[in-house]
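Notebook open, coffee poured. I'm going through this one by cavities, then the ligand, then the odd backbone spots.

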Amino acid sequence: MADVSIRNVTKQFGKSEVIHGISCDIRDGEFIVILGPSGCGKSTLLRMIAGLEQISSGEVVIDGRVVNRLEPAERDIAMVFQNYALYPHMTVYRNMAYGLKMRRMPKDEIDQRVRNAARILELSALLDRKPRQLSGGQRQRVAMGRCIVREPKVFLFDEPLSNLDAKLRVQMRLEIRKLHEDLKITSVYVTHDQVEAMTLGDRLVVMDNGYAAQTGSPLEVYERPANMFVAGFIGSPAMNFMEVTVQEGGQALKLPGDIQIPLNGSALPGWAGKKAILGIRPEHMELDSKGPRTILFTVGQVELLGADTLVHGHIGAGQVPMTVRLPDVHRFEKHATIRLSISQEKLHLFDPETKKRIV
Ligand SMILES: Nc1ncnc2c1ncn2[C@@H]1O[C@H](COP(=O)(O)OP(=O)(O)OP(=O)(O)O)[C@@H](O)[C@H]1O
Ligand SMILES: [Mg+2]
C-alpha cells in the first residue's frame, strides 16, 4: 500500500518529446485510470512508473521515496500486461509461485500466498492445469494472481483486457473492481476504452498527445469536460459540436437555422456578439417539446439498438450534422423533421480559440 506521486514527468525518445510534463498525486488505495487514444503516451507513462522506461525529467515518488533511479524490481510494484505471457510448461500453481520461489521465499509461505490468491480469483480448482487448458479469462486471472501473491505496494495494468472478447471483458472488469475493493492496493490502469475507465476508476487522467487534458472523477469528466478534446473523447456516441453566436447581452445563443436558446442563469456578458462552440451530448436531447429550446432536426440514418435509438441527421439549413440518442424504439422516416429540446444544465460551451470550456 502506498501513495504514488508523478511530478512534472517528461519523456523524450531521442529528440522527440512524447510526454510533456504530467503531474498526478495518487492516494494510497486509489484506483486511477489513464485514458486516451492510441499513441497519446499512456504506456510510456506507466512504464516510467514501473521503471521499464527512463524518466527524462521530473520525479516519480512511491511511498515517499523518489524511485527514478531504482530498478523495476526495487520499486515494489507489479504489472499486468495486455498479453499475459504465462509459462506454458508450468501449471497454474507454479506460474503463480515462480516469482516468489526466485526470491527464495519459504515453501510454506509461498503455498499460503498462492492458495489465498487462487481463492480470491476463483482459481482453486484449476491449480494443476497448464495455461493451454484454460480460457482467456482464466489465463488473465492467473496473470493477476502472479501479481497478487507478491503483495506489491502498487498494481500497474496496461490494457489487460483488450485481448478478451466483449462479454469476458465486462466480466473481468467487474472482477478487477471487486478485487480492488477487497485488496485496496493502489492501482494505475491504462486503457483506451472509456467504459472501462468510467466503471473502474476512482479518478481518470484523460491524456491528449502527451499532455494530461483533465484529471477528475468519471462523472466530473463526463459532466464538466475541461476542453473540446475531453468532451469529444468521453461519451458514446460522441458529443455534437456546432458554432453558435452569443446574442447581445450574452443572454442567449443563436444556433444554425436561426434557432435561439436562452441561457437562463448563466449569462455570458463578456461574450456578447462573439462566436462560441456549443456541445450537446446525443443523450441529452428529448423529443416533442414546444419549449423555448426547441431544435428542428432532420432525420438521416436511424440505428435501432433495442434499448435506445440512435438518430443521425442534421439541423439548420447549413446541414450541421447531429446525432441524437433516444430511449426506446423510434421508427422515423428518413428526411422527417422532428422537434427536440435540450435542457439548460446539459449545455457545454467552449472557446473556439483555446478549445477550453466557458460554461
Ligand atoms: N521506444 C520508442 N522510441 C521512439 N518513440 C516511441 C517509443 N515508444 C513509444 N514511442 C512513441 O511515443 C508515443 C506514445 O507511445 P505509447 O506507447 O506510450 O502510446 P499509448 O498511448 O500506449 O498507445 P496505445 O493505445 O496504442 O498502446 C507514440 O507516438 C510512440 O510512437
Ligand atoms: Mg499502450
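**Entry 1: the second largest cavity.** I started with who lines it, and the largest share of the lining of the second largest cavity, three residues, comes from β2. Keep in mind that I'm working on a predicted model throughout. Two elements give two or more residues to this lining, β2 (16–26) and β3 (31–35). I wrote down the full set: Ile 6, Ile 22, Cys 24, Ile 26, Ile 32, Ile 34, Leu 45 and Val 205. What is the class make-up of that lining? I get eight nonpolar, no polar and no charged residues. The space inside comes to about 30 Å³.

**Entry 2: the largest cavity.** How many cavities of 30 Å³ or more does a search of the whole structure find? The search gives two. For the largest cavity I noted a volume of about 40 Å³. Its lining is Phe 31, Phe 155, Phe 157, Ile 176, Leu 179, His 180, Leu 183, Ile 185 and Ser 187. The elements that put two or more residues into this lining are β7 (154–158) and α5 (166–183). Of the elements, α5 gives the most, with four residues. By class I count seven nonpolar, two polar and no charged residues around the largest cavity.

**Entry 3: ligand 1.** Next I looked up what surrounds the ligand. The shell around ligand 1 is made of Phe 13, Val 18, Pro 37, Ser 38, Gly 39, Cys 40, Gly 41, Lys 42, Ser 43, Thr 44 and Glu 159. Which helix gives the most to that shell? Helix α1 (residues 42–50) does, with three residues. The shell splits into four nonpolar, five polar and two charged residues.

Then I went after the polar contacts made by oxygen atoms of ligand 1.

- With Thr 44, a polar side-chain atom lies 2.5 Å from a ligand 1 oxygen.
- With Ser 38, an N or O atom of the side chain is 2.6 Å from an oxygen of ligand 1.
- With Gly 39, the partner is a polar backbone atom, 2.8 Å from an oxygen of ligand 1.

I also checked how much of the ligand gets covered: taken alone, ligand 1 exposes 640 Å², and the protein buries 55% of that.

**Entry 4: backbone oddities.** A reminder to myself before this part: most residues other than glycine have a negative phi, and most peptide bonds are trans.

Where is the cis peptide bond? I found one joining Ser 236 and Pro 237, with omega about -10 degrees. Pro 237 sits in the loop between α8 (228–233) and β11 (240–246).

Next came phi. Asp 63 has a positive phi of about 55 degrees although it is not a glycine. I traced Asp 63 to the loop between β4 (57–62) and β5 (65–66). Asp 63 is partly exposed, with a relative accessible area of 41%.

Lys 355 is another non-glycine residue with a positive phi, about 65 degrees here. Lys 355 falls in the segment after β20 (348–350). Is Lys 355 buried, exposed or partly exposed, and what is its relative accessible area? I have it down as partly exposed, at 42%.

**Entry 5: recap for later.** If I reopen this file, I'll go back to the contacts of ligand 1 with Ser 38 and Thr 44, then to the cis bond between Ser 236 and Pro 237. I'll also want the largest cavity on screen, with α5 as the main giver to its lining.

Definitions and conventions. Residues are numbered from 1 along each chain as its sequence is written. Chains are lettered from A and ligands numbered from 1 in the order in which they are written. This is a predicted model: local features need pLDDT of at least 70, side-chain atom pairs count only at pLDDT 80 or more; totals for chains, interfaces and linings use all residues. Side-chain values use heavy atoms; hydrogens and water are left out. Buried means under 20% relative accessible area, exposed over 50%, partly exposed in between (1.4 Å probe, protein chains only). A residue is near a molecule or strand if one of its heavy atoms lies within 4 Å of it. A polar contact is a pair of N or O atoms within 3.5 Å; within protein, one must be able to donate a hydrogen and the other to accept it, and residues adjacent in sequence count only if both atoms are side-chain atoms. Accessible areas come from the Shrake-Rupley method with a 1.4 Å probe; for residues, only the protein chains shown count as cover. Ala, Val, Leu, Ile, Met, Phe, Trp, Tyr, Cys and Pro count as nonpolar, Asp, Glu, Lys and Arg as charged, and the others, Gly among them, as polar. On a 1 Å grid over the protein atoms alone, a cavity is a set of points where a 1.4 Å probe fits but cannot get out, and a pocket is an open set with protein on both sides within 12 Å along at least five of seven lines; lining residues have an atom within 4 Å of a point. Grid points are joined across faces, edges and corners, and a volume is the space filled by probe spheres set on the points.
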